[in-house]
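User: I am new to reading protein models. Can you walk me through the features one at a time?

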Amino acid sequence: MKNKISDRSREYSKEALQCIGNIQSKYKVCPLYEKLTKEENDALLFNIIQLGNAVAATKYKNFSFYKDAVKYARNNTAHSTQNNPAAVNGIYKNVFSWLNSAKKELSENIVKAYSQNKDIRRVEKFGTAFETEEKRKGFVDTVQSAYLGGKFHEEFDTTKETVLCDAAISALKPTDDRQKELLVFAKSQSSLEESIKKEIVEWTEKTNQILEKENPFVDEAIFNEKIAQLSPQNLQTEINSQISAYNDISSVKNYRPNIDLDFYRNAFEENISTEKKKKAEKQIAEENQILERNLKSEMQKELIRRKTEWELAQIEEQRKKFIKELYEKIEKFRKIYERLKSFAKSFGRLWNLAQGEFNDNGFDIIEKYAQLLEDDEGLTELAQMIGRHCEEEKKFHKELRAKIVVETVYNPEPAYKGEISGLRLSDSLSDALPAELALYNNPTTRQIFKMKYAQKQLLSYSYTRSIEYQKAHEETEEVDVGETVEHKGPMIICVDTSGSMQGTPERVAKTIAFALAQKSLEEERGCYLISFSTEIETMDLSSFNSTDGISNLVKFLRMSFDGGTDANPALEYSVKLLNEKEWKNADVLMISDFCMGSLGEELEEKIKKLQEQKTRFFSLAVTSGGNDQVITAFDKNWIYDTNAKDSGAKLVRQLEEMK
């Protein structure tokens with residue numbers, strides 16, 4: 001089963017292991033809150049929370065219990081745990097009880113996990129710059145941490161490995177404002193992360209290969225192996241020849257060792273002369289053994305020292321070169337980013353275009369035609385206009401349906417209080433007019449008031465109010481029941497690459513092809529280019545899931561125009577594509593000076609049939625003349641008069657009239 005653990009999980013796992021190591025190095029057993037100072041308790045709780053964050057970031061499935069413990073620690077810290085020793089001791093007990101098991105599981109997961117990037121994974125498994133797989137993974141994690149601005153750093157046993165690692169991650173430590181700005185830009189493009197990490201990781205492998213290939217100390221190492229096998233007695237007798245052979249080694253000549261060879265020669269020779277004077281053989285043997293051991297030791301130490309110095313110098317040279325190239329590459333991408341971003345939704349896919357066919361010249365030629373397009377208002381306007389003059393066509397299906405309409409109706413009803421609507425006769429004393437009530441106050445008219453009251457004949461105010469209620473009735477309406485969107489089809493650009501197109505027509509043709517390639521990507525349409533003279537060549541400019549589309553575009557922009565002119569094969573192939581692939585709403589544009597023969601009758605019939613199926617055929621005549629019979633076969637025709645000073649402005653006016 002393929003391991004899905006990411007590079008970042010490995011990195012956080014190592015951070016978690018470091019946190020565990022820090023805690024266990026200070027506390028061999030679980031401490032008690034009461035025996036620690038406030039500062040010590042705060043520091044320990046902080047370390048526990050820090051460990052919890054690292055473990056949570058690993059996204060390993062078997063650490064859910066730890067998350068609960070850390071959450072408990074965080075909550076208790078937030079609520080003044082110093083006032084609750086029992087709660088803190090409970091946290092400490094829970095955490096320390098599983099530290100060892102967590103440590104073991106984290107280590108196992110790190111061993112099992114490989115990078116998700118296949119190129120980096122290959123280095124982790126089979127790399128040579130670092131001795132063991134564990135070290136190679138540690139280096140990759142260090143690069144990951146450095147890219148994210150972290151502090152994790154793997155420890156290495158050898159000087160070369162340590163220096164290689166430091167040199168590699170120094171690429172992510174800008175030394176000036178320019179590099180800082182470029183690195184910020186690179187990090188803003190999330191899809192570039194894996195590409196930059198891959199560049200750094202692979203740099204160590206390439207540098208190590210250089211160190212092995214150009215190592216000048218190979219012969220000296222072989223010499224040391226041979227001399228190590230000599231006995232003290234043999235070395236004594238061969239001392240002159242051995243020292244002479246040693247001095248003839250190229251690395252000894254070019255990188256002089258700090259060994260007093262004359263001292264050893266004289267010492268061995270003195271023992272020989274002493275032997276002739278019958279000095280004790282045991283003493284001579286002991287002295288020769290010491291001389292032999294010291295000479296071999298010094299030779300080996302000097303070999304290691306000088307080789308290490310040479311390796312460090314080579315690594316530093318390669319490091320400076322790599323950083324220069326890396327930031328130049330980032331700068332190229334930033335410089336042309338606005339022009340290229342429409343060619344690929346994933347900008348990281350274009351990282352490798354700086355190598356191979358799409359090199360500096362590729363960037364330059366793309367930028368050149370981008371600038372030409374920007375400076376020519378007519379071609380810019382034409383690119384915007386070609387491809388459907390309006391948005392996608394929408395078709396609506398309608399039908400009549402019944403619907404219930406509810407309206408509000410108000411009916412007036414009598415009321416005790418409300419808006420005064422008139423006068424009425426009643427026996428209501430509260431509504432009676434003041435003049436009626438005045439009859440009661442006068443003794444002479446009091447009997448009249450009583451009679452009116454008894455007969456309900458008092459002149460009184462009349463009130464009404466409107467009562468609201470809902471009334472429903474049925475109506476019919478026309479509604480949309482469906483919608484069909486006819487999407488834009490692909491673009492097919494037929495470009496005349498004959499000799500008569502050299503000069504300004506060639507520039508115009510390439511510029512408009514460049515513009516339409518961009519537009520096709522913006523509108524998520526296919527884009528196919530057919531270059532024709534006496535033969536045709538086809539290119540897919542829309543295959544930007546890989547780098548083929550950009551490479552094809554660059555190849556076309558570099559193309560030289562020569563040969564004769566025959567438009568029939570290009571249009572025949574366009575018709576064939578449209579029919580075989582059953583493309584609808586496609587646009588075919590032919591760019592030419594139209595200095596050519598007429599189209600075949602059969603081909604014209606095929607074009608008319610496709611036009612009836614909503615395929616549009618356009619022409620851009622880059623000339624002041626041309627074959628009118630060919631031009632009439634197209635739906636719309638534009639003229640870019642290369643002899644006119646204001647050709648771009650004239651083209652704009654043509655487009656405005658068509659709008």
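## Reading the model, feature by feature

Analyst: Let's start with one salt bridge. The side chains of Asp431 and Arg424 meet in a salt bridge, with 2 atoms to look for, N and O, at 3.0 Å. Keep in mind that this is a predicted model.

User: Are these two residues buried or exposed, and how is that decided?

Analyst: Use the relative accessible area. Under 20% is buried, over 50% is exposed, and in between is partly exposed. Asp431 has 4%, so Asp431 counts as buried. Arg424 has 32%, so Arg424 is partly exposed.

User: How many salt bridges does a search of the whole structure find?

Analyst: The search finds 23. One of them joins Arg306 and Glu220, at 2.7 Å from N to O. This pair links distant parts of the chain. Arg306 is in helix α15, residues 281–340, and Glu220 is in helix α10. They are 86 residues apart.

User: Where do Arg306 and Glu220 stand on accessibility?

Analyst: Apply the cut-off again. Arg306 has 3% relative accessibility, so Arg306 is buried. Glu220 has 0%, so Glu220 is buried.

User: What does a salt bridge inside one helix look like, as with Lys320 and Glu316?

Analyst: Lys320 and Glu316 both lie in helix α15. They are four residues apart, about one turn of the helix. Their closest N and O atoms are 4.0 Å apart. Now check the accessibility. Lys320 is at 52%, so Lys320 counts as exposed. Glu316 is at 30%, so Glu316 counts as partly exposed.

User: Which residues are linked in a network of salt bridges?

Analyst: Glu131, Lys135, Asp157 and Glu161 are linked in this way.

User: Next, rings. What describes a pair of aromatic rings?

Analyst: Two values do: the distance of the centres and the angle of the planes. A search of the whole structure finds 10 aromatic pairs. Take Phe130 and Phe156. Their centres are 5.0 Å apart, with 35° between the planes, and the pair is tilted.

User: Where do Phe130 and Phe156 lie?

Analyst: Phe130 lies in the loop between α5 (118–126) and α6 (133–147). Phe156 lies in the loop between α6 and α7 (159–169). The pair therefore ties together parts that are 26 residues apart in sequence. Phe130 and Phe156 are both buried. There is a cluster here too: Phe130, Phe139 and Phe156 form one aromatic cluster.

User: Why is the pair of Phe217 and Tyr255 called tilted?

Analyst: Look at the angle. Planes under 30 degrees apart are stacked, over 60 are edge-to-face, and the rest are tilted. The planes of Phe217 and Tyr255 are at 40°, so the pair is tilted. The ring centres are 5.4 Å apart. This pair also links distant parts of the chain, 38 residues apart. Phe217 is in the loop between α9 (193–213) and α10 (218–227). Tyr255 is in the loop between α13 (250–254) and α14 (261–276).

User: Which accessibility class does each of these two rings' residues get?

Analyst: Phe217 is at 1%, so Phe217 counts as buried. Tyr255 is at 32%, so Tyr255 is partly exposed.

User: Where do charged ends sit over rings?

Analyst: Here are two places. The charged end of Lys137 sits over the ring of Tyr114, 4.1 Å from the ring centre. The charged end of Lys187 sits over the ring of Tyr147, 5.3 Å from the ring centre.

User: How do I read a single residue, say Gln179?

Analyst: Ask for place, cover and contacts. Gln179 is in helix α8, residues 177–188. With 10% relative accessibility, Gln179 counts as buried. Leave aside the neighbours within four places in sequence, and Gln179 is in contact with Pro174, Ile323 and Tyr327.

User: Which residues make a nonpolar surface patch?

Analyst: Leu423, Leu425 and Leu459 make one of about 260 Å². Leu423 is in strand β1, residues 393–426.

User: And the whole chain: how many helices and strands are there?

Analyst: The chain has 25 helices and eight strands. Buried residues make up 45% of its 659 residues. The chain exposes about 35,700 Å², and carbon and sulfur atoms supply 48% of that. Now take contacts between residues at least 6 apart in sequence: 78% join residues at least 24 apart.

Notes
Residues numbered from 1 in each chain as written. Predicted model: local features only at pLDDT ≥ 70, side-chain atom pairs only at ≥ 80, totals over all residues. Heavy atoms only, no water. Helix = DSSP H or I, 4+ residues; strand = E, 2+ residues; numbered from the N terminus. Buried < 20%, exposed > 50% of the residue type's maximum accessible area, 1.4 Å probe, protein only. Contact = heavy atoms within 4.5 Å. Phe/Tyr/Trp six-rings, centres within 6.5 Å; stacked < 30°, edge-to-face > 60°. Lys NZ or Arg CZ within 6 Å of the ring centre and 35° of its normal. Patch = residues over 30% accessible without salt bridge, like charges linked within 9 Å, V, L, I, M, F, W, Y side chains within 5 Å. Areas by Shrake-Rupley, 256 points an atom, 1.4 Å probe, with all protein chains shown as cover.
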